[in-house]
Each structure stands twice: as C-alpha cells, then as structure tokens.
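Could you walk me through this model, one feature at a time? I'm new to it.

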Amino acid sequence: MSTWNYTKESDFILMGLTDSKELQLVLAVLFLLIYLVTVLGNTGMMLIIRLDARLHTPMYFFLTHLSFLDLCYSTVITPKTLQNLLTSNKIISFIGCFTQMYGFVLLAAAECFLLASMSYDRYVAICNPLHYPVIMSTRFCSALLTGSYMIGTLDATVNILCMNTLYFCRPKVIHHFFCDTSPILVLSCNDTHNIEIIIFIFAGSTLMVSVTTISASYMSILSTILKINSTSGKHKAFSTCASHLLGVTVFYGSMIFTYLKPSNSYSLGKDQVASVFYTVVIPMLNPLIYSLRNKEVKNAVHRVIKKQENSRLKFRVALSN
C-alpha cells in the first residue's frame, strides 16, 4: 500500500459536515451569523472591560483573555469551514492542516487552564475576601495567564511532533470539518498506539488537572456559601460565580465527551456535533453568558455609552462656542 507524508504529498481533503448542497448553504449562513456574533461579542467584551475602570479587576482581567482566546479559537476553525461550505474546493495543505491543529490544541488547552484560574479567583474572592487583593495581585494573575499559554504551547507542540511522525494511507480524506487529531489518526498506516497514549496522557492531564482545580475551588465555595446565614447573602455569593460555572460546564462537557476516549471509538456523527458545539457555538455563547448574567458588565455598558454621549455633547457645545 502506498504511503505518504508531507515530503510526498502537499494536501488533505476536508470532507466537511455534509454532501448536500442545500444543507451546505444553510450551514454556511448559520456559521457566518454565529461567527459574526462571536467576533462582535468577544471584541465588545474586551472593549467594555478596557474602557471601564471599575472592571479593571482580576476577574475581568481573566475574562478579557477568555474573550481573546474564544475569538482566536473560532477564527482558527470557522473561516476555513465557511470556505469549504461555500466552494467546491475542500483542499487544505499539509502545513495549513497542521497549523490549524496546532492553533486549536494550543488555544483549547490554554482555555482549560484559564478557566481553572478564573475558578481559583472566585474561590479566593468568596472564601478569603480579606486577602483577595494580596493573593490575586497583578503579578500573580499575569503568572497564571502566562502558565496557561505555556501549557497550551506544550500540549500543541507534543501533539504536532507526534502527528508529524506518521505516514498516511490513501485516500487522503479527512472525514471532518477541520483538522482534528482523531480523524487524522484514522488515516495513518502506522501503529498509532504509542502516539495515542502520549496524546491521551497530555490531553487527559490538561483536562483532569484543570477540572480538579475547578472542582476543588467550587466545593470550597459551596461549603462557604452554605455557612452564610442570610438568603440574600447566599444568593449574592453564588451569583458572582454562576456565569463562570455555566461556561465551565458547557465547555468541559463537550471536550470530555469528545477527547477522553480511545480513537477507535471515534463516531463521525456524534463527534462532529460535539466539535461544532465547542469550536463554533461556545465561543459565541461565552460573551453572552458573562454579559447577560452579570450586572457589573451591564452597568459598565451603560456607563461607557453614557460617557460617549457626554463626550459627544461636550464636543458639540465646544463647536457651537
């Protein structure tokens, strides 16, 4: 059987989500709308936090970078998916495919640890509020953020180095809408057992360490909330982390369903639905979750709008004088 890698062939073929032309058009319109909402929502969130001084806190520092990650995350996947849906050209180069995979793994792993950092921030705010400014210092927050990106880079580098050792059997067709690990491993002629173990260890460690951190943080938060006597106090304490808990549940639920299993259990239909959810839908949902369920963000939007209106009024008055 003939085999190939990047030294012999230069491209893959992404089959996408469906062969139906009508359904492709519907999906293209839907994905385009979702992507536009994602770009506007995450960009808007970053601008609001940047423009409103009251949101210059550790919680919103992390939220700014979560919006940045979601924006990049969606951009790595969606434009190529739209191209495949709207044109007959489904080819992606070897370099383009592996670059997409590298960016996807890096951003996904970084988001895992960023969400874990956000849960720790909520733990300190609720369980140790008097020492919050000292513990969650600018330096410590920057260290957590840097660590998230470094872990993401490590995971992505190991993933690519492992995949780059493979030879692939013809046909060079990826039965997916982006270059993900499982559907590419299926194409390999090599024995991928050792590579699967290495990737599983790194991906599993990333998920489990971050999930453990989040779980421990929220168990401590729940224990603290239950000790509060007043109902209003409990509600206020819980409301400060409700948005994050919802975002974490949605993100990790789909990631664990897809990746914490052997590649031989890869199911095209189920895994594609889960993949669409966490690569396309969740980056759109996060700014909505953190804005619609957050009074501070809503108030910040009103303050920024009012500030802009006052600036325009002063400018008009100055021109009239």
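Here is a short question-and-answer tour of the model.

Q: Before we start, what kind of model is this, and how are residues numbered?

A: It's a predicted model, where local features need pLDDT of at least 70, side-chain atom pairs count only at pLDDT 80 or more, and totals for chains, interfaces and linings use all residues. Residues are numbered from 1 along each chain as its sequence is written, and side-chain values use heavy atoms, with hydrogens and water left out.

Q: How many helices and strands are there in the protein?

A: Helices (H or I, at least four residues) and strands (E, at least two) are DSSP runs, numbered from the N terminus. Here you'll find ten helices and five strands.

Q: How much of the protein is buried?

A: Start with the cut-offs: buried means under 20% relative accessible area, exposed over 50%, and partly exposed in between, using a 1.4 Å probe and protein chains only. Of the 321 residues in the protein, 46% are buried.

Q: What would an exposed residue look like, then?

A: Try Lys-236, in helix 8 (residues 231-259). Its relative accessible area is 61%, so Lys-236 is exposed. Lys-236 sits eleven residues along the sequence from Ile-225, and their C-alpha atoms are 9.5 Å apart. For the middle category, look at Leu-23 in helix 1 (residues 21-51). Leu-23 is partly exposed because its relative accessible area is 39%. Leu-23 and Leu-85 are 62 residues apart in sequence, yet 9.1 Å apart in space, C-alpha to C-alpha.

Q: What share of the contacts comes from residues 24 or more positions apart?

A: Contact means heavy atoms within 4.5 Å. Among contacts with a separation of 6 or more, 78% are between residues 24 or more positions apart.

Q: How do I check the span of a helix?

A: The expected span is 1.5 Å times one less than the number of residues. Helix 3 (residues 94-127) has 34 residues, so it should span 50 Å, and its end C-alpha atoms are 49 Å apart, which agrees. Helix 5 has 26 residues and reaches 38 Å from first C-alpha to last, close to the expected 38 Å. Helix 7, with 34 residues, reaches 47 Å, close to the 50 Å expected.

Q: Is helix 3 largely enclosed or largely open?

A: Since 26 of its 34 residues are buried, helix 3 is largely enclosed by the rest of the structure. One residue to click on is Glu-111 in helix 3. With 1% relative accessibility, Glu-111 counts as buried. Setting aside neighbours within four places in sequence, Glu-111 is in contact with Leu-66, Leu-69, Asp-70, Phe-251 and Asn-286. Leu-145 is 34 residues from Glu-111 in sequence and 9.8 Å from it in space, C-alpha to C-alpha.

Q: Which side chain makes a polar contact with Asp-121?

A: A polar contact is a pair of N or O atoms within 3.5 Å; within protein, one must be able to donate a hydrogen and the other to accept it, and residues adjacent in sequence count only if both atoms are side-chain atoms. Asp-121 lies in helix 3, and its side chain is joined to that of Tyr-132 by a polar contact of 2.5 Å. Asp-121 is buried, with a relative accessible area of 1%. Leaving aside neighbours within four places in sequence, its contacts are Pro-58, Met-59, Phe-62, Tyr-132 and Met-136.

Q: Can a loop residue be read in the same way?

A: Take Ser-188, in the loop between helix 6 (181-185) and helix 7. At 12% relative accessibility, Ser-188 counts as buried. A polar atom of the Ser-188 side chain lies 3.2 Å from the backbone oxygen of Tyr-167.

Q: At what angle do helix 5 and helix 7 cross?

A: Axes are lines fitted to C-alpha atoms, for helices over the stretch in contact, and angles run from 0 to 180 degrees between N-to-C directions. The axes of helix 5 (residues 138-163) and helix 7 (residues 193-226) come within 10 Å and cross at roughly 170°. That makes helix 5 roughly antiparallel to helix 7; angles under 35 degrees count as roughly parallel, over 145 as roughly antiparallel, 65 to 115 as roughly perpendicular and the rest as oblique.

Q: Which residues of helix 5 and helix 7 meet?

A: From helix 5 come Ile-151, Leu-154, Asp-155, Val-158, Asn-159, Cys-162 and Met-163, meeting Ile-195, Ile-198, Ile-199, Phe-202 and Thr-206 of helix 7.
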